[in-house]
Amino acid sequence: MRKKIVAGNWKMNKSFEQAEALICDILEEIDGLDSRLANVVICPPAVYLEMAVDLARETSISIGAQNMSQFTSGAYTGEISATMLQSMDVQYCILGHSERRQYFNETDEILAAKVKTALENVIKPIFCCGEALAQREAGVHFDVVKSQIENALFTLTEEQFAEVVIAYEPIWAIGTGVTASPQQAQEMHEFIRGVIAAKYGIAVAEETSILYGGSCNAKNAKELFANPDIDGGLIGGASLVAADFVTIIKSF
Ligand code: PEP
């Protein structure tokens with residue numbers, strides 16, 4: 001059975017003390033939660049990864065990065081490599097977030113390289129895809145998402161693809177308070193699963209966790225997660241408040 005996952009993307013938020021307190025609060029509130037119900041991944045800013053990994057050690061929580069370089073090592077000032085993440089016991093990395101595509105010019109080609117490098121270093125990519133509002137209004141949202149997935153992921157072997165988590169994040173829903181309706185999200189998730197099945201077969205598609213992201217919060221998570229192809233969420237704003245994040249984790 002595929003994994004249910006709730007991942008928190010903290011983006012560029014929190015001081016060191018606040019970050020530490022937030023992780024401790026989340027750990028305290030999910031103490032005793034059956035980890036089969038939901039796998040929890042916290043993705044703090046890179047400078048807090050070491051602290052986060054230490055706090056999460058021997059708990060059911062996994063730690064993820066928000067970005068990494070496509071290069072393995074060398075003269076790339078300011079960058080963080082997959083080997084560095086692996087050496088710190090970081091297990092996941094968000095790749096292809098729309099903010100990175102938009103503000104840092106990450107193309108499908110760069111993302112394909114990042115995904116490969118992550119997998120070669122035993123880091124599970126949480127690969128984000130999703131259309132802009134104008135693309136949805138123009139009726140090309142399925143084409144956009146399909147090409148993002150094909151371009152960045154479809155050179156992977158079946159074995160490599162099995163380690164990838166997909167996050168469908170319509171750009172118009174990220175940080176806007178406008179959530180995709182459960183029907184819109186389910187429809188896209190089902191479509192994505194079909195795209196994966198056509199390339200890697202039904203068994204692989206059925207095992208792929210596809211998360212929804214975009215103003216998912218403590219109030220609407222249950223309704224979204226109730227859909228057969230929605231396997232959890234990638235949570236931005238609501239992951240910064242322990243009580244809200246834990247309510248989302250408990251929404252299956
Ligand atoms: C995100 O940025 O991944 C996200 C889903 O943000 P928010 O939940 O704040 O819309």
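In this predicted model, the search for enclosed space turns up one cavity of 30 Å³ or more, and the largest cavity has a volume of about 30 Å³. Its lining is made up of G96, S98, R101, C129, G130, Q148, E169 and I171, a set that divides by class into two nonpolar, four polar and two charged residues.

Open space can be considered next. The largest pocket holds about 550 Å³ and is lined by 21 residues, among which M12, Q66, N67, R100 and F104 lie nearest its centre. Of the elements that contribute to this lining, helix α4, which spans residues 98-103, gives the most, with three residues. When the lining of the largest pocket is sorted by class, eleven residues count as nonpolar, six as polar and four as charged.

The strands of the structure can now be followed in order. Strands in a sheet are held in register with their partners through backbone hydrogen bonds, and the pairing may be either parallel or antiparallel. Here eight strands form a closed barrel that runs β1-β2-β3-β4-β5-β6-β7-β8, with parallel pairing, and from one strand to the next the twist averages 25°. Outside the strands themselves, helix α5, covering residues 108-120, packs on the sheet, where it touches β4 (92-95) and β5 (124-129), and the direction of α5 makes about 160° with that of β5. Towards the end of the barrel order, strand β7 (residues 210-213) pairs with strand β8 (residues 232-235) in the parallel sense, over two bridges; for G213, the bridge partner in β8 is L234.

Charged side chains add a further set of contacts to this picture. In general, side chains of opposite charge can pair when their charged atoms come close. The structure holds 14 salt bridges, and one of them joins the side chains of R2 and D229, with a distance of 4.0 Å from N to O. This pair links distant parts of the chain, since R2 belongs to the segment before β1 (5-9), whereas D229 sits in the loop between α11 (221-225) and β8, 227 residues apart from R2.

Definitions and conventions. Residues are numbered from 1 along each chain as its sequence is written. This is a predicted model: local features need pLDDT of at least 70, side-chain atom pairs count only at pLDDT 80 or more; totals for chains, interfaces and linings use all residues. Side-chain values use heavy atoms; hydrogens and water are left out. Two strands pair if DSSP finds at least two bridges between them. Helices (H or I, at least four residues) and strands (E, at least two) are DSSP runs, numbered from the N terminus. Axes are lines fitted to C-alpha atoms, for helices over the stretch in contact, and angles run from 0 to 180 degrees between N-to-C directions. Contact means heavy atoms within 4.5 Å. On a 1 Å grid over the protein atoms alone, a cavity is a set of points where a 1.4 Å probe fits but cannot get out, and a pocket is an open set with protein on both sides within 12 Å along at least five of seven lines; lining residues have an atom within 4 Å of a point. Grid points are joined across faces, edges and corners, and a volume is the space filled by probe spheres set on the points. Ala, Val, Leu, Ile, Met, Phe, Trp, Tyr, Cys and Pro count as nonpolar, Asp, Glu, Lys and Arg as charged, and the others, Gly among them, as polar.
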